[in-house]
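Okay, thanks for squeezing me in. I'd like to walk you through one model this morning, a few spots at a time, so let me put it up on the screen.

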Amino acid sequence: MKNNLYLRSTFRDIRSSLGRFIAIILIIFMAVLLFVGIKSVGPDLETSIQNYVVKNNVSDLQIVSTAGLTENDLKAVETISGVEAELGYSFPYADETHDRALQLYSYDKKAIQNKLKLIKGRFPTKSTEIVLDIALEKEYPLDSQMIIDSDRLMKNDFKVVGYVESPIYVNKEEKGATSIGNGTIDGYAYINEVAFNHDAYSILYLRFDDLLNENIFSKKYSTTLMKRKEQVEKIVETRKAERKQELVDQATVEINKNQTELIQNQKKLDEGQPQLDFAKQQLEQEKNQLTTQKEQLIQMYGETAASNFADGEVQIEQAEKNFEEQQELLSKNQTKILAGQLKINEAKTEVADLNTPNYFITEREANPGFEEVTSLSTRIDAIGNIFPVFFFLIGALITFTTITRMVEEDRKVIGSLKALGYRNSEISQKYLVYALLTVSIGSVLGVIVGTKLLPPIVFKMLSSSYVFTAYLTNFWIGPILIAIGGALIATVVATIYILIKDLREKPMALLMPKAPKPGKRILLEYITPLWTRLSFNQKVTYRNLFRYKARMILTISGIAGCCGLMVAGFGLRDSIGGAADVQFNQLNHFQAIVIVDNNATVNDTETVDIVLKNEQEIKSNYPVYTTQVKFKQEGLTDQAATIYSFSDNNQVNKYFTLKKANNDSLTKLGDNGAIITTGLAKAYNVKVGDELTMQNADGTKLRIKVSGIVENYLGNNIFVNQQYLEKISGERIRPNSFLVKTNNMTVEAQNRLSKKLQETKQVRATTFMSQQIEKQTYASTNFQPVVLIFIVLSGTLALVVLFNLTNINVSERERELATIKVLGFFNMEVTMYIVRETIIFTVLGILLGFGVGKILTWFIITTAASPMISFPLLIPISGYLFSAGLTILFSLLVMFITHRRLKKIDMITALKSNE
């Protein structure tokens with residue numbers, strides 16, 4: 001009965017100190033909400049992506065070849081157990097009418113993989129019908145006619161019958177790169193498979209049975225996919241020679257056919273010439289006979305007899321003319337035969353010199369936007385391992401302090417209960433119930449809101465960027481248990497700790513108030529000229545600061561932590577969003593890159609150079625050799641890189657800033673080695689002087705010596721001297737690209753330049769760095785919702801921390817404040833007695849918070865980085881100012897609340913509290 005009455009007093013205490021009870025719940029709630037919420041965003045996003053992949057049967061692997069693909073490739077791949085393979089057509093097309101670069105695909109209603117989602121209209125049923133990317137609806141209205149002028153299609157006039165979303169393109173805005181136009185795909189289209197006029201297919205989609213039910217983000221999936229990919233690589237390695245032989249055989253058959261026709265034609269020609277010569281000879285004889293007869297008659301009968309031969313002469317002249325035409329025709333045919341033979345000889349040479357076809361195998365992450373959304377999940381998860389944990393530690397610290405203060409305030413009650421015979425376990429029940437109530441309410445609310453509200457808010461903000469429509473939210477046991485465990489430590493364990501400490505004391509000691517801490521001389525007092533110039537109130541303030549060192553450290557730490565979290569939020573926003581700006585404006589010093597057609601000759605390249613030099617907007621350009629290479633190492637993911645080969649090493653620093661990774665000094669390109677970027681160096685753990693093996697587009701392995709490692713944020717680059725590259729590759733290197741420096745160009749000016757270059761028929765693609773900056777900036781905006789939530793919750797935590805710590809400070813010193821009131825201090829002077837300390841704590845906390853925020857930002861961006869993308873440490877001045885301003889604003893608000901409370905202190909009651 002007595003225990004029930006005692007426990008019921010818990011609720012009376014809650015009512016009497018409702019503000020403290022709510023403050024503890026609020027701190028636990030926010031800490032659990034952020035930790036569980038952010039730790040749920042990544043897994044929920046992964047689950048949504050997983051369901052999307054399964055629902056739409058998105059391919060695990062895709063194969064393309066430089067020589068196209070055939071049924072033989074399909075049969076070869078199908079020898080792998082559990083594989084599901086489908087062939088398809090695909091090619092880029094530049095629609096000059098609408099100035100759009102499109103990627104065209106074949107549509108097969110029987111296809112199982114990469115299922116299209118119909119948004120409007122219907123799927124194509126005829127060879128003259130087409131469905132388009134929903135983003136192209138305005139340019140190509142429903143039921144309109146679309147002209148596609150390509151020899152790869154049977155027809156060129158198509159009717160728009162619908163709009164779709166393709167699972168190959170998960171990002172609504174970013175459709176990937178292309179080799180036409182300005183280098184960026186504007187949309188995609190699907191045409192009935194029977195409309196294509198290809199001899200070979202373009203792409204081979206693969207799915208594997210043993211991966212269907214695996215989580216695509218799991219290690220098991222990655223391991224199994226790697227094994228399957230290795231199986232496919234072995235098959236296509238064999239297929240290279242087979243495919244080359246198929247091409248040789250096809251070409252040989254065609255050559256032999258043409259050669260046979262040519263021989264037959266030559267034979268006919270050879271047979272026709274003698275016949276023509278014989279006929280000409282006969283005609284010549286008849287002509288001679290006619291001339292002789294004519295002369296004889298003229299001698300016998302005179303000139304009048306010559307008129308009898310007029311018709312015969314006309315006929316002979318006509319016959320001669322016919323013979324001349326026949327001879328001319330024979331000569332022309334002979335010329336054609338010789339030209340045909342020349343072409344056949346060239347074809348034979350081409351067949352003899354035919355390169356072995358290369359096969360390229362790409363994973364699902366190579367699909368436009370897919371790697372971006374999966375890396376977004378990874379980044380959020382990485383940040384979730386740091387940001388919420390730090391947030392939680394601050395909340396736990398403040399909660400621990402609040403609970404400790406609550407138990408300390410009840411020392412007399414605990415002493416009285418012990419004196420009345422209550423056991424320690426019975427006395428503890430009340431405080432444990434109090435702590436369990438706060439942790440239960442705060443944790444339950446935090447888990448529910450964090451799981452069901454925070455991820456959907458993030459997903460809602462992302463919905464405009466991605467095609468995912470179903471975002472699933474789940475209760476993830478791991479983060480929930482960790483959050484609840486942390487909350488229990490901060491409340492229940494804190495309560496147990498302080499109870500054990502106090503319950504060891506005798507009832508008499510508990511009934512007596514704790515002796516106040518003695519005042520001590522502080523360092524400032526030994527600096528006499530400074531100390532003597534301080535006012536009485538200032539001296540009291542500084543003494544109190546060092547008198548209550550634990551409270552000072554706790555308050556400064558709490559403010560610094562909250563301010564640091566806000567600074568880190570702004571730092572993350574600018575660091576992730578600023579990677580493109582640093583890369584393309586500070587490290588790269590060219591505004592465009594023009595890629596020349598693979599078959600372009602030296603004269604063709606000079607033609608492009610002339611066009612560039614004649615353009616007023618272009619400051620300068622420099623020809624370089626560029627190509628894509630891959631780095632392979634067992635146990636590591638393949639890494640791609642772009643080679644930039646310069647014939648003149650002095651030109652490198654005009655177009656790139658080669659800043660060393662470990663300091664700000666610059667490095668220069670040498671003649672006997674390659675400079676690589678930090679992503680490759682970290683991925684393969686190499687340093688200057690080491691060697692790396694890379695594989696070019698033809699599958700040839702090249703070994704390079706690392707002569708330098710430089711800073712880079714987006715992708716990986718390799719800088720080499722042209723002669724060194726020729727030396728290690730054994731091939732002659734010829735420039736195939738132009739690095740172009742331009743003035744500030746509008747989008748229209750860029751498009752005009754791209755079109756002018758395309759008209760030379762020698763340019764494969766023109767890519768402007770402004771487009772890359774826009775692309776990366778757009779990608780970083782997908783991360784902004786998470787950062788915004790961090791900043792808002794950090795600011796809210798700062799308000800709660802300031803209020804709670806100030807409240808505890810006032811509660812602990814209520815007798816002291818009542819005493820100075822009795823001594824005649826006015827209300828404002830009493831308030832300033834506390835506020836001066838708060839101001840100092842706030843200023844020191846803000847300054848320390850700047851450092852904490854910088855360290856937090858660095859740690860998070862380092863953790864979130866990958867070999868292909870890293871982030872510069874960028875914290876804007878506005879971020880510092882906003883964080884400091886918000887902290888000061890909350891301090892002022894707390895000061896105002898404190899002032900109102902201090903005015904209501906009952907001096908008599910406060911001074912009698914220990915009696």
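**A walk through the model**

Let's start with N588: leaving out residues up to four places away in sequence, N588 touches Q583, Y655 and F656. Before I go further, please keep in mind that this is a predicted model.

So where does N588 sit? You'll find N588 in the loop between α16, residues 579-587, and β12, residues 592-596. And is N588 buried or exposed? The relative accessible area comes out at 6%, and with the cut-off for buried at under 20%, N588 counts as buried.

Okay, on to the helices. Take α15, residues 549-577, and α26, residues 877-903: their axes come within 9 Å and cross at roughly 150°. Anything over 145 degrees goes down as roughly antiparallel, and therefore that's the label for α15 and α26. The crossing of these two, α15 and α26, is right-handed.

Who's doing the touching there? On the α15 side we have I559, C563, M566, V567, F570 and R573, and they meet S878, G879, Y880, F882, S883, L886 and T887 from α26. Sort the residues of that contact by class and you get eight nonpolar, four polar and one charged.

Now, α15 has another partner, α14, which covers residues 536-547. The axes of α14 and α15 come within 5 Å, with a crossing of roughly 90°. The window for roughly perpendicular is 65 to 115 degrees, so α14 and α15 are roughly perpendicular to each other. In this contact, N544, L545, F546 and R547 of α14 meet K549, R551 and M552 of α15. The class split here reads three nonpolar, one polar and three charged.

Next, the cores. In soluble globular proteins, nonpolar side chains tend to be buried together. In this model, the largest nonpolar core has 157 residues, and I63 and L206 are the ones with the most contacts inside it. Helix α2, residues 18-55, gives the largest share of this core, 19 residues. There's also a second, separate core of 22 residues, and Y625, A681, Y724 and I733 are among them.

Let me zoom in on I63 for a moment. Skipping neighbours within four places in sequence, I63 is in contact with L69, V77, S202, I203, L204, L206, V232, V236, Y359, F360 and I361. So L206 turns up again, as one of the contacts of I63.

Two more residues and I'm done. E129 is in strand β6, residues 129-133, and is buried, with a relative accessible area of 4%. What does E129 contact? With neighbours within four places in sequence set aside, the list is R122, F123, P124, F158, K159, V161, Y190, I191 and N192. Of those, V161 is 32 residues away from E129 along the chain, and their C-alpha atoms are separated by 6.4 Å.

Finally, I14, over in helix α1, residues 2-16. I14 is buried too, at a relative accessible area of 9%. Not counting residues up to four places away in sequence, I14 touches F21, Y434 and L437. How far apart are I14 and Y434 in sequence, and how far in space? They're 420 residues apart along the sequence, and 8.1 Å apart from C-alpha to C-alpha.

Right, that's my tour. Over to you.

Note on methods:
Residues are numbered from 1 along each chain as its sequence is written. This is a predicted model: local features need pLDDT of at least 70, side-chain atom pairs count only at pLDDT 80 or more; totals for chains, interfaces and linings use all residues. Side-chain values use heavy atoms; hydrogens and water are left out. A nonpolar core is a set of buried Ala, Val, Leu, Ile, Met, Phe, Trp, Tyr and Cys residues joined through side-chain atoms within 4.5 Å. Buried means under 20% relative accessible area, exposed over 50%, partly exposed in between (1.4 Å probe, protein chains only). Helices (H or I, at least four residues) and strands (E, at least two) are DSSP runs, numbered from the N terminus. Contact means heavy atoms within 4.5 Å. Axes are lines fitted to C-alpha atoms, for helices over the stretch in contact, and angles run from 0 to 180 degrees between N-to-C directions. Angles under 35 degrees count as roughly parallel, over 145 as roughly antiparallel, 65 to 115 as roughly perpendicular and the rest as oblique. A crossing is left-handed if the near helix is turned anticlockwise from the far one by less than a right angle, and right-handed if clockwise. Ala, Val, Leu, Ile, Met, Phe, Trp, Tyr, Cys and Pro count as nonpolar, Asp, Glu, Lys and Arg as charged, and the others, Gly among them, as polar.
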